[in-house]
Amino acid sequence: YQTNLALNSHTGTHIYAPWHIVKNGNTLKDFALETFIGDAILLNCVGQKELHADVSEVKRGDIVLLRTDHSKKAQESDYFTSNPVVSEELATALVEKHINILGIDSFSPDNSPYDVHKILFDHDILSLENLVNLDKISSKRFKLYVLPLKLENDGAPCRVIAEI
C-alpha cells in the first residue's frame, strides 16, 4: 500500500530560507544541521497586533518563538487578514542578538511588502511559520528540534518538537 502526497513548501508548519525573498540568498541546504536543533525561548505576545517583546534573555544562536495564539483562528474567515505582525524594531533587536530562527504561530511574521522577512533574511535568520500548540509549552526556555523535509529550495514543511 502506498500514499501519494502533493504539497507545496508553504504547507502546514514550514520553514523558509533567505532564497525565498532575497536574490541569491541561501537555501535550506546551505544551513548546517545544528541550525535546526538548539536552545529556544518562548516570548509571549498574545493580544498584540504589532509584536514587541523583551529580548533581554535571548542568547546568540537561540531559536526564538513568538506566541500570539493566531493559529487558533485558522478556520476563521479573516485569518489571512487579521494576523499579528512582528515590528521592525523587534526584528532588528533579534538580528542584533544573532538568533538562528524566528518562529511564530501564524502564517507569516509580516505582510506585503515583507520588510521583516527581508530584515531576517539579510542576516541568514530562518523564518519558521504556522506553528501550533505554543500554549502547551510550560517553560520559557527549552530545546527545540526543527525537522524540515530535505528540500533544496526556499523552504519546506517541517515537524517541530519542543523538549521541555
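**Note on the predicted model**

1. At 40% relative accessibility, H98 counts as partly exposed. In this predicted model, H98 sits in the loop that runs between helix α1 (88-96) and strand β6, and its phi is near 60 degrees, which is a positive value in a residue other than glycine. Most residues other than glycine have a negative phi.

2. A positive phi is also found at N133, where the angle is near 65 degrees and the residue is again not a glycine. N133 belongs to the loop between β7 (126-129) and β8 (141-148), and with a relative accessible area of 44% N133 is partly exposed.

3. The backbone deserves attention at another place as well, since the peptide bond from S112 to P113 is cis, with omega near 15 degrees. Most peptide bonds are trans. P113 itself is located in the loop between β6 (101-104) and α2 (115-121).

4. The structure holds six salt bridges, and one of them joins D62 to R141, with the closest N and O atoms 2.7 Å apart. Because D62 lies in the loop between β3 and β4 while R141 lies in strand β8, this pair ties together parts that are 79 residues apart in sequence. The two partners can be told apart by their accessibility: D62 counts as buried, at 2%, whereas R141 counts as partly exposed, at 25%.

5. Another salt bridge is formed by K72 and D135, whose closest N and O atoms are 3.2 Å apart. This pair links distant parts of the chain, K72 being in the loop between β4 and β5 and D135 in the loop between β7 and β8, 63 residues apart. K72 counts as exposed, at 53% relative accessibility, while D135 is partly exposed, with a relative accessible area of 30%.

6. D135 also meets K136 in a salt bridge between their side chains, with 4.0 Å from N to O, and K136 counts as exposed at 62% relative accessibility. A student following these pairs in the structure may wish to view them together, for R67, D69, K72, D135 and K136 are linked in a network of salt bridges.

7. Which residues does T68 touch, once its neighbours within four places in sequence are left aside? The contacts of T68 are with C45, V46, L51, P84, I104 and D105. T68 is placed in the loop between β4 (63-67) and β5 (85-86), and at 9% relative accessibility T68 counts as buried, because that value is under 20%. As for P84, its C-alpha atom is separated from that of T68 by 7.4 Å, although the two residues are 16 places apart along the chain.

8. On the surface, L5, L7, L149 and L151 form a nonpolar patch, and together these residues have about 400 Å² of accessible area. L5, one of the members of this patch, is found in the segment before β1 (14-16). With a relative accessible area of 72%, L5 is exposed, since that value is over 50%.

9. A patch of another kind, negative in charge, is formed on the surface by E50, E88, E89 and D115. Among these residues, E50 has its place in strand β3 (residues 50-51), and E50 is partly exposed, with a relative accessible area of 44%.

Key. Residues numbered from 1 in each chain as written. Predicted model: local features only at pLDDT ≥ 70, side-chain atom pairs only at ≥ 80, totals over all residues. Heavy atoms only, no water. Patch = residues over 30% accessible without salt bridge, like charges linked within 9 Å, V, L, I, M, F, W, Y side chains within 5 Å. Areas by Shrake-Rupley, 256 points an atom, 1.4 Å probe, with all protein chains shown as cover. Helix = DSSP H or I, 4+ residues; strand = E, 2+ residues; numbered from the N terminus. Buried < 20%, exposed > 50% of the residue type's maximum accessible area, 1.4 Å probe, protein only. Lys, Arg positive; Asp, Glu negative; His and termini not counted. Charge placed at Lys NZ, Arg CZ, Asp CG, Glu CD. Contact = heavy atoms within 4.5 Å.
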